[in-house]
Amino acid sequence: WRQTALAAYTAKPVPPAAVEAAARPLPPLPGLHSPFLYRRWYRCHADLSSFLPPPGAPSVARVNATRMSPQQFSQLYDSPCMPVLLEGLMADWPAASWSLPSLCAAFPSSRFKVSKPHGGRALMTLPAYVDYMARQSDEEPLYVFDAGFVEAAPGMRQLYDVPHVFTTDYLETLGAGRPPYRWLVLGPARAGASWHVDPSLTTAWNALLSGRKRWALYPPHMPPPGVLLDGDGEEVHPAEDSLTSLQWFLEVYPGLPPDRRPIEILQQPGDVVFVPGGWWHCVLNLDTAVAVTQNHVSG
C-alpha cells in the first residue's frame with residue numbers, strides 16, 4: 001500500500017508550488033480501492049460508544065443477588081449451567097479506589113503483564129499504560145490481562161471481595177499447584193478477548209468496575225460461527241489468523257441468521273457476569289474498562 005501510494009505521487013517531478021501543499025491531506029488516489037485496508041483502518045478508529053446489542057437480541061436474566069444465598073445461586077444458575085448477569089455483589093468494593101487515577105497513584109511502580117497481539121507479554125507500569133491508552137490507535141490494542149496482579153501489587157487484593165455466591169472453590173484443594181485463576185483485566189475501547197472456552201471447564205465470574213463490555217456467548221454444544229475447531233472441539237486457528245472480538249462482531253455477526261445469533265450481554269459498572277464451564281464467550285470493550293475476573297470449580 002505504501003509503495004503504491006508513493007509511486008503514484010512521485011512518478012512526476014514535484015513542482016515548487018506543491019511544497020507548500022505538502023502538509024495538506026492528499027487527495028484520493030484515482031483507481032485505487034482496498035476494502036481490506038479500509039477495514040483495517042476502521043478497526044483502528046471505530047467509535048464503539050453506541051456499538052450495542054441490537055434490540056431483541058437473545059440475552060440472559062439480570063438478577064439482584066444481594067440477598068441470594070449460595071444454595072439458591074447453585075440451584076438456579078450454577079447446577080443448570082445458565083449464564084446470568086448479577087447485580088448488588090460489589091456494594092462493599094471501594095469504587096473510588098478502582099478509578100485509573102487512584103490505581104496509578106496507589107501502585108505507581110508496580111509492573112503488570114500486558115498482552116501483545118499474536119501472543120507474548122510485556123511488563124508496564126499503570127501510569128505508562130494509561131499514557132499508552134491515551135495515545136494509541138492500534139488495530140489490536142495492548143491489553144492488561146494479568147494473573148499475577150496480586151503479587152505485583154499486594155494492596156490490590158484488599159480492594160475487592162469474592163462475591164458470596166462464589167465462595168465454594170474446589171481448586172483451592174490443589175494448594176501451591178493451583179493453576180492461574182484470577183486476573184486484572186484493563187484496556188481501552190476496541191480491546192477484548194476473542195472466542196474461547198475457559199481452561200479445564202472452570203466456571204468464571206467477571207466483575208466490572210468501570211466502562212462497558214459487550215459479551216457474546218454460545219452454549220458448549222454450539223461452537224461460534226467463524227471459529228475453526230479440531231476433532232476434539234478445540235480451536236485450531238493459529239494466533240495470527242484468529243479473529244479479534246471486534247473483527248468477529250464486524251465481519252461475521254452481521255451475516256448470521258437469527259437462529260445462529262449468540263446470546264449477548266451489555267455489562268455495565270457494578271455488574272458481575274457468570275459464565276458456566278464449557279460456554280464459549282468473547283468480550284469487547286466499548287469504553288476503557290477495568291475488571292476483576294476469577295475462575296473456580298464449584299460443586
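Two strands count as paired if DSSP finds at least two bridges between them. Helices (H or I, at least four residues) and strands (E, at least two) are DSSP runs, numbered from the N terminus. With those terms in hand, let's start the tour.

**Before you click**

This is a predicted model, in which local features need pLDDT of at least 70, side-chain atom pairs count only at pLDDT 80 or more, and totals for chains, interfaces and linings use all residues. Residues are numbered from 1 along each chain as its sequence is written, and side-chain values use heavy atoms, with hydrogens and water left out.

**Stop 1: the whole chain**

Show the protein chain as a cartoon: eight helices and 13 strands are there. Of its 299 residues, 42% are buried; buried means under 20% relative accessible area, exposed over 50%, and partly exposed in between (1.4 Å probe, protein chains only). Switch on the surface, and you have about 15700 Å² of accessible area, 57% of it belonging to carbon and sulfur atoms. Such areas come from the Shrake-Rupley method with a 1.4 Å probe; for residues, only the protein chains shown count as cover. Contacts (heavy atoms within 4.5 Å) are worth a look too: among those between residues at least 6 apart in sequence, 80% join residues at least 24 apart.

**Stop 2: the sheet of nine strands**

Now colour the strands of the open sheet with the order β1-β2-β11-β8-β13-β6-β5-β3-β4, where the pairing is mixed. At its edges stand β1 (62–64) and β4 (121–125); each has a single partner strand, so one side of each lacks a neighbour in the sheet. From one strand to the next, the twist averages 30 degrees. For angles like this, axes are lines fitted to C-alpha atoms (for helices, over the stretch in contact), and the angles run from 0 to 180 degrees between N-to-C directions.

Select 111–115 and 143–146: these are β3 and β5, antiparallel over two bridges. Ser115 stands opposite Tyr143 of β5. Add helix α6 (residues 126–135), which packs on the sheet and touches β3, β4, β5 and β6 (182–187). The direction of α6 makes about 105 degrees with that of β4.

**Stop 3: strand β6**

Is β6 mostly covered or uncovered? It is mostly covered, with six of its six residues buried. Show the side chains: Arg182, Leu184 and Leu186 point one way, while Trp183, Val185 and Gly187 point the other way. Next, follow the partners of β6. Three bridges hold β5 and β6 in an antiparallel pair, and Val144 has Leu186 as its bridge partner in β6. Strand β13 (residues 289–296) is joined to β6 by six bridges, also antiparallel; there, Val185 is partnered with Ala291.

**Stop 4: Ala65**

Zoom in on Ala65, in the loop between β1 and α4 (70–78). Its relative accessibility is 0%, so Ala65 counts as buried. Leaving out residues up to four places away in sequence, Ala65 touches Leu86, Glu87, Leu89 and His164. Try the distance tool on the C-alpha atoms of Ala65 and Leu85: they are 9.4 Å apart, with the two positions 20 residues apart along the chain.

**Stop 5: aromatic rings**

Rings of Phe, Tyr and Trp (its six-membered ring) pair if their centres lie within 6.5 Å; planes under 30 degrees apart count as stacked, over 60 as edge-to-face and the rest as tilted. This rule gives 18 aromatic pairs. In one of them, the rings of Phe73 and Tyr77 have centres 5.9 Å apart and planes at 40 degrees, so the pair is tilted. Phe73 and Tyr77 are four residues apart in helix α4, a separation of about one helical turn. Phe73 is buried at 2% relative accessibility, and Tyr77 is buried at 14%.

Move on to Trp248 and Tyr253, whose ring centres lie 6.0 Å apart with planes at 65 degrees, so this pair is edge-to-face. Ring pairs link them with Phe51, Trp195, Tyr218 and Phe249 into a cluster. Finally, show Arg214 and Arg261. The charged end of Arg214 sits over the ring of Tyr253, 5.2 Å from its centre, and that of Arg261 also sits over the Tyr253 ring, at 4.4 Å. Here a charge sits over a ring if NZ of Lys or CZ of Arg is within 6 Å of the ring centre and within 35 degrees of the ring normal.
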